[in-house]
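Good morning, and thank you for the invitation to speak. I would like to introduce a structure that may be new to many of you, beginning with its strands and ending with its helices.

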Amino acid sequence: MSAVGSVACVIGSSKIKWAYCTKARQGRTEDTKCVLVLAARTAITRLITELTQRRCNHARQTVHNLRVCASVGSGLGWRHGAGYRVHMIDNDCTIHATAQILFPELVNIYGARIGAGTRVGPFCEIQRDCVLGQDVNFQHHSYTATGTKIGDRVFVGPGVGFINDVYPSTMGPTHRHAPIVKDDVSIGAEAVIFPVTVGQGAIVGAGSVVTKDVPPWTVVVGSPARIVRTFSGHDERHAYLHGKVLDARRADHQFNDSHSMP
Ligand SMILES: CC(C)(COP(=O)(O)OP(=O)(O)OC[C@H]1O[C@@H](n2cnc3c(N)ncnc32)[C@H](O)[C@@H]1OP(=O)(O)O)[C@@H](O)C(=O)NCCC(=O)NCCS
């Protein structure tokens, strides 16, 4: 008996005796104790193994999930199970082969569809059921909440947020629908687009908060966004932007001339 030390562990109401035995063969009493001790130790070892196994499986699954993410970049297109880089693009996305995710390791994209010729900058998040049409320029730090639909030839400046939850709280999402952006829209930096429809050809000023539908071929600015200009259609909008480009070039020349080094 003196050679047997025991440690008692109480888990809940049941008692488990945990002991160690150095002389396992010293009579029946000692044998019985040893059997109990060994049984308890085996049970605990199994429990620990099981827990460790679960943790390992979880870790393995996580690594697997990261590895099966696709590699998309520099026009290479969608490649399943690349396995050699860790990307945050889920394998349930549909990304056209000519779309460019400029920094695949620096975006979160899951369950989304991205069209031909579209470019997505770094630090963007494109959530489930979102659609980016063709030739969209989706600049860095922009975010589309679940279900956002963006048409073709849309410019999305840096840091734009498309939101679908107008009353955010810890009680859960309140959204019914997500923003819809029609073709040929331009959205300035840091704008916030509520669950509204932005009509075709509209221009949204930088930093605007768009809380209501935007009619097609208009320019809206401010918070809340208000219409400051209206175009008759594509041609007038094009002429306006073309004029702005020329103005900008002229202004650049003047700036460079007046700031040139002697
Ligand atoms: C919306 C935008 C295209 C309008 O340009 P514009 O037609 O030249 O407009 P104007 O400069 O004539 O401005 C019209 C009025 O709207 C105001 N305004 C213009 N842009 C605004 C904005 N983003 N937020 C609030 N007010 C704005 C002007 O101050 C002006 O007000 P006023 O009449 O009281 O003086 C432009 O201002 C803009 O925001 N561009 C987005 C730039 C951007 O984010 N680029 C991203 C790539 S880096």
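Let me begin with a term: two strands pair if DSSP finds at least two bridges between them. By that rule, E21 and E22 are paired, in the antiparallel sense, over four bridges. Please keep in mind throughout that this is a predicted model.

These two strands form a hairpin with four residues between them. Gly222 sits in the turn and has a positive phi of about 90 degrees. Two of the bridge partners can be named: Val221 is matched with Arg226 in E22, and Val219 is matched with Arg229 in E22.

Let me now place the hairpin in its wider setting. The protein has two helices and 22 strands in its secondary structure. Of its 262 residues, 23% count as buried. Among contacts with a separation of 6 or more, 16% come from residues 24 or more positions apart.

The hairpin belongs to an open sheet of eight strands, in the order E4-E7-E10-E13-E16-E19-E21-E22, and the pairing is mixed. Which strands stand at its edges? They are strand E4, residues 100–101, and E22; each has a single partner strand, so one side of each is left without a neighbour in the sheet.

At the E4 end, two bridges join E4 to strand E7, residues 119–120, and the two run parallel. Gln100 stands opposite Arg119 in E7. Towards the hairpin, E19 and E21 pair in the parallel sense over two bridges, and Ile203 has Val219 in E21 as its bridge partner. Val219 is thus a residue to remember, with Ile203 as one bridge partner and Arg229 in E22 as another.

There is a further open sheet, made of six strands in the order E3-E6-E9-E12-E15-E18, with parallel pairing. Its edge strands are E3, residues 94–95, and E18, residues 197–198, each of which pairs on one side only. At the E18 edge, strand E15, residues 180–181, is joined to E18 by two bridges, and these strands run parallel. Ile180 has Thr197 in E18 as its bridge partner.

I turn next to the interior. In soluble globular proteins, nonpolar side chains tend to be buried together. The largest nonpolar core in this model has 39 residues, and the members that touch the most others are Ile193, Val198, Val204 and Val210. Strand E17 (192–193), strand E19 (203–204) and strand E21 (218–221) each supply at least two residues of this core. Taking Val210 as an example, and leaving aside residues up to four places away in sequence, its contacts include Ile193, Val198, Val204 and Val220.

Just before E15 we meet Pro179, in the loop between strand E14 (161–162) and E15. Is Pro179 buried or exposed? Pro179 has 23 other C-beta atoms within 10 Å, and a residue counts as buried at 20 or more, so Pro179 is buried. Beyond residues up to four places away in sequence, Pro179 touches Thr148, Phe162, Ile193, Phe194, Pro195 and Val196. Pro179 and Thr146 are 33 residues apart in sequence, yet their C-alpha atoms are 9.4 Å apart in space.

Met88 offers a second loop to examine, between helix H1 (27–67) and E3. Met88 is partly exposed, with 15 other C-beta atoms within 10 Å. Its C-alpha atom is separated by 6.9 Å from that of Pro104, 16 residues apart along the chain.

The model also contains a ligand, surrounded by 13 residues, of which the closest are Gly157, Gly188, Ala189, Gly205 and Ala206. By class, the shell divides into six nonpolar, six polar and one charged. Here the hairpin returns: E21 and strand E22 (226–230) each supply at least two residues of the shell.

Finally, we come to helix H2, residues 234–258. H2 has 25 residues and reaches 36 Å from its first C-alpha to its last, close to the 36 Å expected at 1.5 Å a residue. How many of the 25 residues of H2 are buried? The number is one, so H2 lies largely in the open.

To close, I would ask you to return to E21, which pairs with E22, pairs with E19, and supplies residues both to the largest nonpolar core and to the shell around the ligand. Thank you for your attention.

Note on methods
Residues numbered from 1 in each chain as written. Predicted model: local features only at pLDDT ≥ 70, side-chain atom pairs only at ≥ 80, totals over all residues. Core = buried A, V, L, I, M, F, W, Y, C linked by C-beta atoms within 7 Å. Buried ≥ 20, exposed ≤ 12 C-beta atoms within 10 Å, placed from the backbone. Contact = placed C-beta atoms within 7 Å. Near = placed C-beta within 6 Å. Nonpolar A, V, L, I, M, F, W, Y, C, P; charged D, E, K, R; others polar. Expected span 1.5 Å × (residues − 1).
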